[in-house]
Structure formats: C-alpha cells, structure tokens
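Work through the exercises below with the model open beside you. Try each task before reading its solution.

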Amino acid sequence: MVADVTKQFQAHRALFEAMERDMAPLIAEMAAMLTDTLSKGGKLLVMGNGGSAADAQHFAAEIVGRFKLERRALPAVALSTDTSILTAIGNDYGFEAVFSRQVEALAAPGDMVVGISTSGNSPNVLKALQLARERGCRVVGLLGRDGGSIKAVCNLALVVPSDDTPRIQEGHITIIHIVCDLVEKALFG
C-alpha cells in the first residue's frame with residue numbers, strides 16, 4: 001500500500017508541474033474574467049455532475065462566503081444544489097435540461113457561467129453553456145481529457161491535462177482556489 005500511496009503522490013506532482021507550466025496564464029485569465037464580471041455587478045453561475053457538482057458548490061461557497069479575506073459577499077450560485085428544482089426539471093424536461101433551464105431563468109448578459117466536467121462531454125453542462133453563450137454570458141469550462149465537446153462552446157477552456165478523473169478533480173479544485181484568491185486580492189486586497 002505504501003508503494004501505491006507514493007505512486008499517487010508522484011502522479012499528482014507530475015500533473016501539477018504540467019499545470020503550472022502550461023496553464024498559469026489561463027488561470028490568471030479566468031480570475032481576471034471573474035473579477036471583471038463581479039466588479040460590473042454580474043454574478044457567477046457554476047455547475048457540474050457528481051464530484052464536479054461538489055466542486056461547483058465549493059466554488060460558489062468561496063465566492064458568496066469568503067475565501068481568505070474578510071469582505072462583502074459576492075453573487076454566485078451553484079446550479080447543482082436545489083433538489084426541488086433539479087428533480088422538477090429532470091422529471092418534466094429530462095436530465096439534460098437540469099442546468100440549461102436554470103441558466104434560462106437566472107443568467108443575464110455579462111454574467112460568468114462555469115461548467116465543470118472531467119470528461120468535457122456532459123450533455124447537461126454542454127446544453128447550459130450553449131444557452132449561456134447565446135444569452136451573452138462569459139462561458140468558461142473546467143474540463144479534463146481533451147476538453148471534449150464542451151471546449152468548443154467556451155470563451156475560455158481550462159483543460160487539466162489528464163485522463164484520470166481523480167487527478168482532473170484535484171486540478172479543478174486547485175484552479176478554483178487560485179481563482180478565488182486572485183479575485184479577492186483584485187477586488188479587496
């Protein structure tokens with residue numbers, strides 16, 4: 001087991017070295033985009049399925065609550081949190097519409113809509129991001145593997161260079177933390 005633990009840490013380090021080398025400008029761009037959105041009165045809408053839903057909730061919580069700095073609340077909504085909305089939309093319109101229906105209700109031009117998908121191919125995330133783009137929102141993907149079909153609809157796609165779902169999720173949450181830190185410093189530092 002110790003050898004397996006060591007392999008896990010080695011895989012994590014190798015991925016994060018690649019992310020640092022190749023993704024730093026994209027992460028900074030995402031933070032700048034969110035800073036601009038929030039400074040102009042826009043909001044963050046974020047979504048994902050499974051572990052990515054948990055990451056979406058985590059991201060929204062850091063924005064609404066706080067990351068590190070004591071500051072005013074900022075507007076963010078995780079679209080994966082309301083079981084009544086999710087089950088009503090899923091029942092009436094199908095699971096593919098659980099996020100797009102919420103984007104239709106909540107998104108305004110200039111908002112930032114982030115879709116999190118380790119495969120890059122989640123149909124419900126793709127549909128919501130397509131609608132968000134049509135509505136004049138800034139569309140960002142936190143993706144894995146090759147970015148999948150979602151990459152093409154994004155204004156900005158951050159593709160964690162891995163095919164291993166746990167590693168991709170580790171990359172996503174780290175990106176989220178870095179973005180939250182940069183946004184707080186830019187708006188309140």
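The model is predicted.

**Exercise 1. Glycine 144**

Task: Decide whether glycine 144 is buried or exposed, then list its contacts beyond four places in sequence.

Solution.
- Step 1. Glycine 144 has 0% relative accessibility. The cut-off for buried is under 20%, so glycine 144 counts as buried.
- Step 2. Place the residue. Glycine 144 sits in strand E4.
- Step 3. Collect the contacts. Setting aside neighbours within four places, glycine 144 meets Ser117, Thr118, Ser119, Val159, Val160, Ser162, Ile168 and His172.
- Step 4. Check one distance. The C-alpha atoms of glycine 144 and asparagine 121 are 9.5 Å apart, with their positions 23 residues apart in sequence.

**Exercise 2. Arginine 145 and proline 161**

Task: Find the loops that hold arginine 145 and proline 161, and state how far apart the two residues are, C-alpha to C-alpha.

Solution.
- Step 1. Arginine 145 belongs to the loop between E4 and E5. Proline 161 belongs to the loop between E5 and H6.
- Step 2. Their C-alpha atoms are 6.0 Å apart in space, and the residues are 16 apart in sequence.
- Step 3. Classify each one. Partly exposed runs between under 20% and over 50%. Arginine 145, at 28% relative accessible area, is therefore partly exposed. Proline 161, at 44%, is partly exposed too.
- Step 4. Inspect the backbone. Arginine 145 has a positive phi, near 55 degrees, although it is a residue other than glycine.
- Step 5. List what proline 161 touches. Beyond four places in sequence, its contacts are Leu15, Ala18, Met19 and Met23.

**Exercise 3. Helices H1 and H6**

Task: Describe how helix H1 and helix H6 cross.

Solution.
- Step 1. Two packed helices are described by the angle and the distance between their axes.
- Step 2. Read off both. H1 spans residues 2-39 and H6 spans residues 165-188; their axes come within 7 Å and cross at roughly 40 degrees.
- Step 3. Assign the hand. The crossing of H1 and H6 is right-handed.
- Step 4. Sort the contact by class. Between H1 and H6 there are 18 nonpolar, 6 polar and 2 charged residues.
- Step 5. Take one residue of H6. Arginine 167 is found in this helix. Its relative accessible area is 8%, so arginine 167 is buried.
- Step 6. Trace its partners. The side chain of arginine 167 makes a polar contact of 2.7 Å with the side chain of glutamate 170. Outside four places in sequence, arginine 167 is in contact with Gln8, Ala11, His12, Leu15, Val160 and Ser162.

**Exercise 4. The nonpolar cores**

Task: Which residues of the largest nonpolar core touch the most other members, and which element gives the most to this core?

Solution.
- Step 1. Recall the background. In soluble globular proteins, nonpolar side chains tend to be buried together.
- Step 2. Pick out the hubs. The largest nonpolar core has 34 residues, and Met30, Phe59, Val114 and Ile175 touch the most other members.
- Step 3. Name the contributors. Two or more residues come from each of H1, E1, H2, E2, E3, E4, E5 and H6. H1 gives the most, with 10 residues.
- Step 4. Follow one hub. Beyond four places in sequence, valine 114 touches Met30, Leu44, Leu45, Val46, Met47, Phe59, Leu129, Val140 and Leu142.
- Step 5. Look for another core. One of 24 residues lies apart, with Ile89, Leu126, Val139 and Val159 among its members.
- Step 6. Examine valine 139. This residue is in strand E4. Valine 139 counts as buried because its relative accessibility is 0%. Leaving out neighbours within four places, valine 139 contacts Val113, Leu129, Ala132, Arg133, Val153, Cys154, Asn155 and Leu156.

**Exercise 5. The ends of H3, and a loop serine**

Task: What caps the N-terminal end of helix H3, and is serine 122 buried or exposed?

Solution.
- Step 1. Start at the N-terminal end of H3, residues 83-93. Aspartate 82 caps it: a side-chain oxygen lies 3.0 Å from the backbone nitrogen of serine 84.
- Step 2. Go to the other end. Glycine 94 follows H3 and has a positive phi, near 100 degrees.
- Step 3. Turn to serine 122, in the loop between E3 and H5. Its relative accessibility is 14%, so serine 122 counts as buried.
- Step 4. Name its neighbours in space. Beyond four places in sequence, serine 122 touches Asn49, Ser117 and Ile150.

How values were computed: Residues are numbered from 1 along each chain as its sequence is written. This is a predicted model: local features need pLDDT of at least 70, side-chain atom pairs count only at pLDDT 80 or more; totals for chains, interfaces and linings use all residues. Side-chain values use heavy atoms; hydrogens and water are left out. Axes are lines fitted to C-alpha atoms, for helices over the stretch in contact, and angles run from 0 to 180 degrees between N-to-C directions. Helices (H or I, at least four residues) and strands (E, at least two) are DSSP runs, numbered from the N terminus. A crossing is left-handed if the near helix is turned anticlockwise from the far one by less than a right angle, and right-handed if clockwise. Ala, Val, Leu, Ile, Met, Phe, Trp, Tyr, Cys and Pro count as nonpolar, Asp, Glu, Lys and Arg as charged, and the others, Gly among them, as polar. A nonpolar core is a set of buried Ala, Val, Leu, Ile, Met, Phe, Trp, Tyr and Cys residues joined through side-chain atoms within 4.5 Å. Buried means under 20% relative accessible area, exposed over 50%, partly exposed in between (1.4 Å probe, protein chains only). Contact means heavy atoms within 4.5 Å. A polar contact is a pair of N or O atoms within 3.5 Å; within protein, one must be able to donate a hydrogen and the other to accept it, and residues adjacent in sequence count only if both atoms are side-chain atoms.
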